[in-house]
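Trainee: I am new to this structure. Could you take me through it step by step?

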Amino acid sequence: MIGFWLAAAALTAVAVLLLLRPLLRPAAEMLPTAAFSRGIYTDQLAEIERDLGRGLLTPEQARAARAEVGRRLLAAAAEADKADKGRHVTAGPSRKLAMVLTVLLPLAALGLYLPLGRPDLPAVPFASRTTGPQVPPQVLQAMERLERSLKDNPDNLEGWTLLGGTYAALGRHADAAEAYRKAVGLSQGNAELMSAFAESLTNAADGIVGPEAQSSFEAVLAADPGDARARYYLGIARQQAGDLQGAIERWAALLKDSPADAPWVEPLRQRIRAAAEQIGVDPATVTPSPQPPSPPPAMAEGGPTAEQMQSMAAMSPEQRQGAIRGMVDGLEARLKDNPADVEGWLRLARARSVLGEPQAALDALRQATRAAPERVDVWLALAQSLAPAEDQPSSPEFLETMRTVLRLDADNPQALYYLGEQAAAEGRTEAARDLFTRLLAQLPPDAPIRADLQKRLEALR
Amino acid sequence: MKRLLLLLPLVLFLGLVGYFAVGLRHDPSVLPSAMIDKPAPDFALGPVLDGVPGLSSQDLKGQVSLVNVFASWCAPCRVEHPLLTRLAREQGIAINAIAYKDKPEATRTFLAQMGNPFSRIGMDQDGRVAIDWGVYGVPETYVIDRQGRIRYRHVGPLMPRDVEEKILPMIRELSK
Amino acid sequence: MRLPARILAAAGLATLLAGPAFAVLPDEKLADPALEARAREISQELRCLVCQNQSIDDSNAPLARDLRVLVRERLAAGDSNGQVLQYLTDRYGDFVLLKPPVRPYTWVLWFGPFALLLVAGAGTAFYLRNRRSEAVQAAAGLTAEEEARLQALLATDAGDGAGDETDGERRR
């Protein structure tokens, strides 16, 4: 690197010197053309005289030649006089010019090099290649399984939600929108799902907030007037419709309600600034100050938003991990003060398992069951985390959980199945038969597991 | 006088530099339209959407309107669509459309997704009418006066600034 | 100097070998070879408005194809070459023509070179006329007043002119 700079400096110096040489040469050395030609004409006059003397020219010719050269000499003399007067005047500026050049040339070279020529600048490709995200095969397999099971059982709200989220993460926005559309229908208009649906629609339309996405976001706002995602996108819709003023108003209102450390605050500010500049308004006058930061704001709204994801995408993997961990720890601290927040515990459990901390996830789920001992879904979530691997004995805690589930929901198929299996393993034939029979009554007539269960019931006889 | 003559090559050179600078800045995609201030060409295009009539040159007379040439396969058309929707719904501007070289089903899907801001849509499947309009790429938008003459042509997607600075003032002026 | 010449020659050869790219598709061609020849001739004069520096004859752009088909339809309908070109300039303006027509705004383009030639010729003529009048005046010899000034000048040069002369020598 140093070698390059030395070479560049040397080359620049050579260029400057080449320019300076003529500028700084002593003025006297620069012979004006007029004086130069004057010498030649004088010589020529002498020559004419000589030729006339030798008889090479007739007197007639010599007279004409002498007149022509003589007139030129007179003109040249007049010119030389003028140049003489000007000479001292021109000497000054050239020195100044030299100084200016010496300073400006290297500066200009640097000025061009730094923004345009450095090798560490990012490449400027004509179009950046659009390669999809690298998807691990397990994810694809899991997704296919999910798709198949949803074909058999299209009323599975959780399944559609999960599928929508997976598609969205893979960048298959149109598919994500369709999955979310089903989930919204099943949940009878859950605002969070509707918001995700509308965002997928928007992404599928290359970021255009189309009429359907717009009305969905409006419905989200009707249910939850504070939903940041819906407010943000509705601002974009106004911007795309050319109503920059309206867009700024919406974004400014959102910014005013947002905690200062919310991850969408900075992108929002940039949007406002760009739009304000476009309509010739001073951005400072339309950018309100956000709310004071509230700990921990990120998880308060129910999972990271698109903005959050965006700002996280810009981080390095370590930073991202750190940011996520920070958010999760914040959530846990808040839950310690408010242990009755079941949803909070569930969210914490999900986050912990995503972070690869199964024990912490379990603890969170146990806390959730303590906060809501009557909710079957919470117990089921705990059971799912405790579920034994294939061919492994069930843990006592798992069985206890399953018993609780069965107490709360006497028809729960999972509980019936696992408890039945446990009873069979312990040789309590009567109990096992009872549980399996109840399970069979719950299963739809075409469930694949039916035949298997029938067989086991026979065996228990 | 002689001194000034010596400067002449420099002056010529600077003149050329200026000329080229202007020429290079000139966006080659912005072409003059041969159709400005002429009546819109004679044409009649069939409908594509149920309940929305087709478009013919007769329909362009009697009111100031926009004619938007679009296609479902054209990405910039998607970009300008919300803007057209706002002009039609909120500013009450009559916007007619020519669906350019597209499958009717694709056009219908596009309008179902993006909404339909157009009062009339003519289906120009072979692009022949568009050639009569001097269209060379979608989207293009024309301002038509009450007499059915083309008064302004915008090539490429409409941007908020184009609308505020050109289209709306023009429509206001023509509607007087 | 030799290297660029060789490169130029190689580039020329390459273009020769490459030959023209044919964009006209078989299904567009007219059955009548005379009409088809006229269609090709017209197509080569028409600019592809999408790619701008190609004729529609060379271009693969869909619009170019539409225009080629249109040109053939007009010819088949009995239009003259001029009528076909007029049909298209009515719609797309002069820009559609690769060869610019003579219009007031293309005057600089068409007549500019001739104007430059004229100016240069006038300058040369002026210079030569001056030379000739100098020669004519020279034949009459120097006037008494000029002779006096010349003598005075030569007298001073005899004093310091030597310096000038050596300067002149050095410059050469």
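The questions below go through the contacts between chains, then some single residues.

Mentor: Keep in mind that this is a predicted model. Ask away.

Trainee: What is the secondary structure of chain C, and which pattern does chain C follow along the sequence?

Mentor: Chain C comes to six helices and zero strands. Read along the sequence, the pattern is α-α-α-α-α-α.

Trainee: What percentage of the 172 residues in chain C is buried?

Mentor: A residue counts as buried when its relative accessible area is under 20%. Of the 172 residues in chain C, the buried share is 30%.

Trainee: Take contacts in chain C between residues at least 6 apart in sequence. What share of them joins residues at least 24 apart?

Mentor: Set the contacts between residues at least 6 apart as the whole. The share that joins residues at least 24 apart is 50%.

Trainee: How much area do chain C and chain A bury between them?

Mentor: The size of an interface is often given as the accessible area lost when the parts come together. Here 22 residues of chain C and 19 residues of chain A take part in the contact. Carbon and sulfur atoms hold 56% of the buried area. The area buried between chain C and chain A is about 2000 Å².

Trainee: Which residue of chain A meets C:Glu147 in a salt bridge?

Mentor: The interface of chain C and chain A has two salt bridges. One of them involves the side chain of C:Glu147, at 2.3 Å from N to O. The cut-off is 4 Å, so this pair qualifies. The partner is A:Arg66.

Trainee: Which element gives the most to the side of chain C that touches chain A?

Mentor: Besides the salt bridges, two residue pairs are in polar contact across the interface of chain C and chain A. On the side of chain C, the elements that give two or more residues are α5 (107-139) and α6 (144-171). With 14 residues, the one that gives the most is α6(C).

Trainee: How many residues on that side of chain C are charged?

Mentor: The side of chain C that touches chain A has seven nonpolar and five polar residues. The number of charged residues there is ten.

Trainee: Now chain B. How much area is buried between chain B and chain A?

Mentor: Twelve residues of chain B are in contact with ten residues of chain A. Carbon and sulfur atoms give 58% of the buried area. The total for chain B and chain A is about 980 Å².

Trainee: Which three residues supply 40% of the area that chain B buries against chain A?

Mentor: No other three residues of chain B supply as much of that area. They are B:Pro82, B:Arg86 and B:Pro160.

Trainee: With which residue of chain B does A:Arg238 form a salt bridge?

Mentor: Across the interface of chain B and chain A there is one salt bridge. Its closest N and O atoms are 2.8 Å apart. The partner of A:Arg238 is B:Glu90.

Trainee: Which element gives the most to the side of chain B that touches chain A?

Mentor: Five residue pairs are in polar contact across the interface of chain B and chain A. The elements that give two or more residues on the side of chain B are α2 (75-90), α3 (104-114) and α5 (160-175). With six residues, the one that gives the most is α2(B).

Trainee: Which side chain of opposite charge is nearest to B:Asp124?

Mentor: B:Asp124 lies in strand β5 (residues 120-124) of chain B. B:Asp124 is buried yet has no salt bridge. The nearest side chain of opposite charge is 7.4 Å away, and the cut-off is 4 Å, so no salt bridge counts there. That side chain belongs to B:Arg128.

Trainee: Which backbone nitrogen does the side chain of B:Asp124 reach?

Mentor: Leave aside neighbours within four places in sequence, and the contacts of B:Asp124 include B:Leu45, B:Tyr100 and B:Val129. The side chain of B:Asp124 reaches a backbone nitrogen at 3.4 Å. That nitrogen belongs to B:Val129.

Trainee: Is A:Gln188 buried or exposed?

Mentor: A:Gln188 is found in the loop between α6 (173-186) and α7 (191-204) of chain A. Its phi is near 55°, a positive value in a residue other than glycine. The relative accessible area of A:Gln188 is 73%, and the cut-off is over 50%, so A:Gln188 is exposed.

Key:
Residues are numbered from 1 along each chain as its sequence is written. Chains are lettered from A and ligands numbered from 1 in the order in which they are written. This is a predicted model: local features need pLDDT of at least 70, side-chain atom pairs count only at pLDDT 80 or more; totals for chains, interfaces and linings use all residues. Side-chain values use heavy atoms; hydrogens and water are left out. Contact means heavy atoms within 4.5 Å. Buried area is the accessible area (1.4 Å probe) that two parts lose on being put together, summed over both. A polar contact is a pair of N or O atoms within 3.5 Å; within protein, one must be able to donate a hydrogen and the other to accept it, and residues adjacent in sequence count only if both atoms are side-chain atoms. Helices (H or I, at least four residues) and strands (E, at least two) are DSSP runs, numbered from the N terminus. Ala, Val, Leu, Ile, Met, Phe, Trp, Tyr, Cys and Pro count as nonpolar, Asp, Glu, Lys and Arg as charged, and the others, Gly among them, as polar. Buried means under 20% relative accessible area, exposed over 50%, partly exposed in between (1.4 Å probe, protein chains only). Lys and Arg count as positive and Asp and Glu as negative; His and the chain ends are not counted.
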